[in-house]
Amino acid sequence: MTSQSEKPAASLILGGEPSLQTGPIKVSFEFFPPKTPEMEETMWRSINRLAPFQPAFVSVTYGAGGSTRQRTHDTVKRIRDETALTPAAHLTCVGATRDEVDEVVRDYWNAGIRHIVALRGDPAEGQSKYVPHPGGYAYASDLVAGIRKIGDFEISVAAYPEGHVDSPDLITDMDNLKRKIDAGATRAISQFFFDTDCFLRFRDRAAAAGISLPLVPGIMPVTNFNGARRMAEMNGARVPDWFAKLFEGLENEVETRKLVAVVAAAEQCVRLRTHGVDDFHFYTLNRADLTYALCHILGLRAMPVEGSKSI
Ligand SMILES: Cc1cc2nc3c(=O)[nH]c(=O)nc-3n(C[C@H](O)[C@H](O)[C@H](O)COP(=O)(O)OP(=O)(O)OC[C@H]3O[C@@H](n4cnc5c(N)ncnc54)[C@H](O)[C@@H]3O)c2cc1C
């Protein structure tokens with residue numbers, strides 16, 4: 001866990017002091033399990049490059065329909081065995097019975113993994129609508145309760161500042177988040193968002209609903225705008241016009257898109273920081289450079305980790 005950054009970077013960029021009391025910044029990084037040896041090399045290079053920011057944890061996603069079960073497990077285990085970092089394993093309910101999911105959870109426990117990101121998951125391939133597996137955990141709250149029975153894990157769950165696409169309204173969505181917390185979740189990580197006010201309003205609604213555990217904004221620095229727009233559509237995240245305009249005309253300008261992406265995400269991080277946010281989860285997409293820049297802008301400095309087993 002990082003306890004650097006005595007002076008928040010808000011003043012650096014915005015020219016003003018943070019308006020709320022802020023604590024030390026904590027960051028976490030999300031990776032996906034690589035498919036090819038080249039992708040694997042890129043991911044490990046990124047993990048090693050970001051490790052000196054001393055993240056609270058690094059998480060590894062679980063492919064749609066459980067397709068990466070083995071690769072997720074292997075990557076998480078390798079982080080645990082070969083680095084000084086704390087790994088977190090994503091796990092979903094899709095396409096597996098309770099017994100099968102429980103077995104994965106027990107494997108993690110036996111391998112010394114103590115943090116699971118518990119999710120429902122998206123519809124299995126070829127299905128347009130989510131249908132619970134017969135005999136499986138139906139929703140993330142059921143999975144959280146199941147994990148709790150197996151071990152004293154740290155359990156993170158997903159939260160949706162703009163509401164989950166299947167939720168009829170924001171109240172139902174908040175009720176679901178509460179259900180996951182009541183079942184034993186210890187932290188909520190948000191879906192990415194581009195409209196920072198949405199996250200701040202969500203945080204207010206959560207506080208009004210009596211939620212007091214950490215709500216961590218998920219930050220996605222965008223370099224491929226069209227890809228991000230498609231993901232946003234699927235995830236119900238609004239793409240504001242001003243955000244789309246930032247990337248207008250940059251279709252063939254890869255390097256400039258990266259610079260723009262950092263500026264946009266940095267503004268988002270700094271704004272959140274001025275509103276008292278201390279925890280940030282970065283969707284790295286297995287690349288280090290943008291997330292590195294954002295951590296630096298937030299005031300963190302890469303510090304060699306004592307006893308580091310970086311590979
Ligand atoms: C931080 C983060 C990490 C993620 N990582 C992954 C990953 O690694 N792999 C992956 O496949 N996906 C991942 N996702 C995507 C996630 O699986 C999808 O967003 C999925 O559609 C919902 O998952 P959930 O855990 O939020 O579901 P839930 O919390 O179960 O909610 C899903 C929907 O079901 C509704 N609902 C809940 N309980 C009930 C009930 N009892 N009856 C009726 N309706 C109910 C909720 O209101 C909501 O609309 C991630 C998302 C986030 C934000």
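This report covers model confidence, the ligand shell and one helix pair.

## Confidence

The structure is a predicted model. Mean pLDDT for the chain is 91. A score of at least 70 is reached by 91% of the residues.

Residues 1-12 stay under 50 in pLDDT. For this stretch the model has 35 contacts beyond four places in sequence.

## Ligand shell

The ligand has 24 residues around it. Those that come nearest are Thr61, His90, Arg120, Ala140 and Ala158. Two strands and a helix among the elements that give two or more residues to the shell are β3 (87-92), β4 (115-119) and α5 (140-150). Helix α6 (170-182) and strand β6 (187-192) also give two or more. The largest share comes from α6, with four residues.

By class, eleven shell residues are polar and eight are nonpolar. Five are charged.

## Helices α10 and α11

Two packed helices are described by the angle between their axes and the distance between the axes. Helix α10 spans residues 254-274, and helix α11 spans residues 289-297. Their axes come within 10 Å and cross at roughly 40°. The pair therefore counts as oblique. The crossing of α10 and α11 is right-handed.

On the α10 side, the contact is made by Lys258, Ala261, Val262, Ala265, Ala266 and Cys269. These meet Leu290, Ala293, Leu294 and Ile297 in α11. The contact of α10 with α11 holds nine nonpolar residues, one charged residue and no polar ones.

Key: Residues are numbered from 1 along each chain as its sequence is written. This is a predicted model: local features need pLDDT of at least 70, side-chain atom pairs count only at pLDDT 80 or more; totals for chains, interfaces and linings use all residues. A residue is near a molecule or strand if its C-beta atom, placed from the backbone, lies within 6 Å of it. Ala, Val, Leu, Ile, Met, Phe, Trp, Tyr, Cys and Pro count as nonpolar, Asp, Glu, Lys and Arg as charged, and the others, Gly among them, as polar. Axes are lines fitted to C-alpha atoms, for helices over the stretch in contact, and angles run from 0 to 180 degrees between N-to-C directions. Angles under 35 degrees count as roughly parallel, over 145 as roughly antiparallel, 65 to 115 as roughly perpendicular and the rest as oblique. A crossing is left-handed if the near helix is turned anticlockwise from the far one by less than a right angle, and right-handed if clockwise. Two residues are in contact if their C-beta atoms, placed from the backbone, lie within 7 Å. pLDDT is the predictor's confidence in each residue, from 0 to 100.
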